[in-house]
Amino acid sequence: MEVLIVGGTGFIGKALQKALDLSGISYKILSRHPAKANHVFWDPAKQQLDNTSLNSITHIINLAGAGIAEKRWTRERKKELINSRVEATQFLYTECSKHCPSLEGYIGISGVNAFGFDDSLCYNESHPFATDFLSNLVEQWEGSHRLFDKLPSFSIFRLGMVLSSQGGAYRKIAVPMKFCMGAVPGSGKQLVPWIHLDDVVGFILHVLQTKSVGLIHVVSNNSSMKELTQTIAHKERSKIILPNIPVFVIRLIFGEMGMLLTESLRIDRTKLSQTAYKTRFNQLSDLIYEKEN
Ligand SMILES: NC(=O)c1ccc[n+]([C@@H]2O[C@H](COP(=O)([O-])OP(=O)(O)OC[C@H]3O[C@@H](n4cnc5c(N)ncnc54)[C@H](OP(=O)(O)O)[C@@H]3O)[C@@H](O)[C@H]2O)c1
């Protein structure tokens, strides 16, 4: 087995690299900024890829995409969020069709923000897409992953918010707490579907080494934003003393992207729970003991 991690230099990719190292599975990283011997150059926006070392790749894990919560969603940014996933994956497919004769497995990553936000519903994998920007993005993104669906092993992981004190959303929430500026966004009652980074990586390894699972929600639990903020504050040895941040303030600061903080979403994890993989982090309180795990 030789794995190609596309967009493997980021938050999830770095943790995945460590796990592959520990498992003795060899891998290469497809990156726009190759910096190490096992990095392979590509620039999907310019349709460029160094295809000279892809011959032995047997599995692809596709994590690539411009950061959803990094910048305000202007019209230009929205195009970038879509193109860095959809056009990039289409280009990857074209190149792999020509240069990866040994390819047998593919895991494409997407997200759970695909259904709109009615938390009286618990959305499972067969629920139809909504029509807001993120839902539309996820629909197109998964469409591009499906170019690979004739491979013997094919899966799409719809991830909830990936939690780890090492980075991602956790660190964004934790930073203001250092200055006693932590506050709960909105009412705090909105539900956040989440999964711990170790479980994302653990499940990727599980699927790589067992069999494909098709489309699957990779979520451990749906917890309230209040509980999430307070758990992080507790772990950071901080206290929330400020009042909740009103939704209109979040909208003023973040624009449309603020929906990631204010909207409520409940995701069904039945399919994941029926696999042989057992998630290690199931309650937010498990995060407190992260280091000891
Ligand atoms: N973290 C979460 O909570 C979460 C939740 C749901 C879904 N996801 C999805 O899971 C994937 C990985 O997440 P992550 O947190 O590891 O993201 P990340 O840290 O932002 O890493 C994403 C990688 O994508 C590549 N990339 C960035 N901009 C790109 C562009 N314009 N064109 C092509 N490649 C680009 C980068 O690799 P190079 O710079 O080396 O090319 C980067 O290392 C992302 O697609 C993300 O949307 C994440």
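Me: How many nonpolar, polar and charged residues does the shell around the ligand have?
Reply: The model is a predicted one, in which local features need pLDDT of at least 70 and side-chain atom pairs count only at pLDDT 80 or more, while totals for chains, interfaces and linings use all residues. Numbering starts from 1 along each chain, as its sequence is written. If Ala, Val, Leu, Ile, Met, Phe, Trp, Tyr, Cys and Pro count as nonpolar, Asp, Glu, Lys and Arg as charged, and the others, Gly among them, as polar, the shell around the ligand has 13 nonpolar, 11 polar and two charged residues.

Me: Which element gives the largest share of the shell around the ligand?
Reply: A residue is near the ligand if its C-beta atom, placed from the backbone, lies within 6 Å of it, and 26 residues surround the ligand, with Gly7, Gly10, Ser31, Gly65 and Ser84 as the closest. Two or more residues each come from helix 1 (11-23), strand 6 (105-111), strand 8 (161-164) and helix 5 (168-174), where helices (H or I, at least four residues) and strands (E, at least two) are DSSP runs numbered from the N terminus. The largest share, three residues, belongs to helix 1.

Me: Is isoleucine 195 buried or exposed?
Reply: Isoleucine 195 lies in strand 9 (residues 191-196), and its contacts beyond four places in sequence (C-beta atoms, placed from the backbone, within 7 Å) include Leu159, Val200 and Val218. A residue is buried if 20 or more other C-beta atoms lie within 10 Å of its own, exposed if 12 or fewer, and partly exposed in between. Because isoleucine 195 has 26 C-beta neighbours inside 10 Å, this residue counts as buried.

Me: How is helix 3 oriented relative to helix 4, roughly parallel or roughly antiparallel?
Reply: The axes of helix 3 (residues 86-99) and helix 4 (residues 133-145) come within 9 Å and cross at roughly 5°, with axes fitted to C-alpha atoms over the stretch in contact and angles running from 0 to 180 degrees between N-to-C directions. Angles under 35 degrees count as roughly parallel, over 145 as roughly antiparallel, 65 to 115 as roughly perpendicular and the rest as oblique. The crossing angle therefore makes helix 3, relative to helix 4, roughly parallel.

Me: Which residues is asparagine 38 in contact with, leaving aside its neighbours within four places in sequence?
Reply: Asparagine 38 sits in the loop between strand 2 (26-31) and strand 3 (39-43), and with 13 other C-beta atoms within 10 Å it is partly exposed. Once neighbours within four places in sequence are set aside, the contacts of asparagine 38 are Tyr27, Lys28 and Ile29.

Notes
Two residues are in contact if their C-beta atoms, placed from the backbone, lie within 7 Å.
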